[in-house]
Amino acid sequence: MNFKGTLPTLILEAIVHEPSHGYRIAQRIKERSEGVLDFKEGTLYPALHKLESDGLVESYEGVEKGRPRRYYRITKTGRAVLAKDRSEWRQLSRAVTMILGEA
Amino acid sequence: MTALDNWLERATRGLSKESAAEVRREIGDHYESARETAMAAGAAAEAAERSALIALGDAKAANRQYRRVLLTSSEAWLLREGSSEAKALCTGNSWFRWPVLVLSLFALAAGAAWYRAGAGSLGRLALAIGIGAGFWLAVPLLPVYTPVRGRVFRGVKWLVQAGTLVLAFGPGAFRMSWLIVLCLGSLAWTEWKRAAIRRKLSVPQWPKHLYL
């Protein structure tokens with residue numbers, strides 16, 4: 001399913017409770033959407049870099065199973081942006097459901 | 001060359017060495033995790049590699065997105081080697097400040113004298129040189145090192161540059177399109193690249209000269 005433009009929000013949601021590395025973020029988005037949101041994983045990292053340069057996430061080096069990994073955690077600004085995105089999405093979703101529900 | 005190397009080659013085209021190394025590392029890790037997960041689920045090695053590569057998607061599309069967020073070779077060069085005048089001004093102790101100050105004062109004095117003596121065009125040219133050089137001398141004294149102040153400074157900088165051009169060559173300067181292209185073309189190209197760098201780096205990563 002095409003979800004252009006919402007990937008940054010989904011990434012923020014995927015790391016809101018705990019920091020994570022890129023592969024796990026991608027898997028979490030796919031699992032939580034039950035496979036509906038199936039995106040090309042090569043586009044995940046550019047989105048992560050953009051979030052980082054905008055100050056919404058920060059990265060640090062960690063180790064998983066003996067392998068060095070780059071972990072991403074959400075910042076205070078990132079949480080504020082996520083809360084705003086959630087609220088906007090709920091409004092949009094309610095409006096579209098009202099229209100489509102009447103059809 | 002493996003299929004992954006081939007993918008990475010296309011995905012990192014045009015990126016700076018540092019950006020390309022970062023992409024290679026993060027995509028390499030990702031690919032390895034995807035391959036291991038597929039093999040743990042019972043896939044054969046070859047099938048696991050193929051599915052991990054397919055999951056990455058089109059390398060060209062990834063390259064387009066990477067070029068929007070990571071430094072390209074030309075931007076990295078500009079950051080490293082270019083804008084030498086702005087870098088020198090930011091150091092605050094550059095040797096050429098005194099000769100520029102002398103030139104600026106001399107040009108202003110000569111410009112005023114020529115103007116009074118009736119040599120209008122020569123006077124205007126000297127005044128323009130004096131004002132332009134004086135403006136750049138003021139840079140280390142100005143508190144421009146925040147994103148908003150930097151933006152205001154850059155707006156003023158363009159106004160001063162256009163103003164000195166008009167002062168030097170008269171209101172007809174902008175009708176001489178070759179002159180505009182010659183004087184402002186390369187400056188505009190550099191400014192365009194610097195704007196891209198500012199978009200790509202987070203503010204704490206900005207070197208001082210990027211504010212100017």
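Let me start with the sheet of chain A, which in this predicted model is an open one built from three strands in the order β1-β3-β2, with antiparallel pairing. The edges are taken by β1, residues 20–21, and by β2, residues 57–64, and each of these strands pairs on one side only. As a general reminder, strands of a sheet pair through backbone hydrogen bonds, and they may do so in parallel or antiparallel fashion.

If we look at the β1 edge in more detail, β1(A) is joined by two bridges to β3 of chain A, residues 67–74, and the two strands run antiparallel. Which residue of β3(A) should you look for opposite A:Ser20? That residue is A:Tyr72.

Now to the helix that meets this sheet. Helix α3 of chain A, residues 44–53, lies across both β2 and β3 of the chain, and α3 runs at about 125 degrees to β2(A).

Stepping back to the chain as a whole, we have four helices together with the three strands, and, reading from the N terminus, the elements of chain A follow one another as α-β-α-α-β-β-α. Along the principal axes, the C-alpha atoms of chain A fill a box of roughly 55 × 30 × 20 Å.

Two figures remain, both for chain A. Of its 103 residues, 27% are buried. As for the contacts with a separation of 6 or more, 48% of them are between residues 24 or more positions apart.

Technical notes: Residues are numbered from 1 along each chain as its sequence is written. Chains are lettered from A and ligands numbered from 1 in the order in which they are written. This is a predicted model: local features need pLDDT of at least 70, side-chain atom pairs count only at pLDDT 80 or more; totals for chains, interfaces and linings use all residues. A residue is buried if 20 or more other C-beta atoms lie within 10 Å of its own, exposed if 12 or fewer, and partly exposed in between; C-beta atoms are placed from the backbone. Two residues are in contact if their C-beta atoms, placed from the backbone, lie within 7 Å. Two strands pair if DSSP finds at least two bridges between them. Axes are lines fitted to C-alpha atoms, for helices over the stretch in contact, and angles run from 0 to 180 degrees between N-to-C directions.
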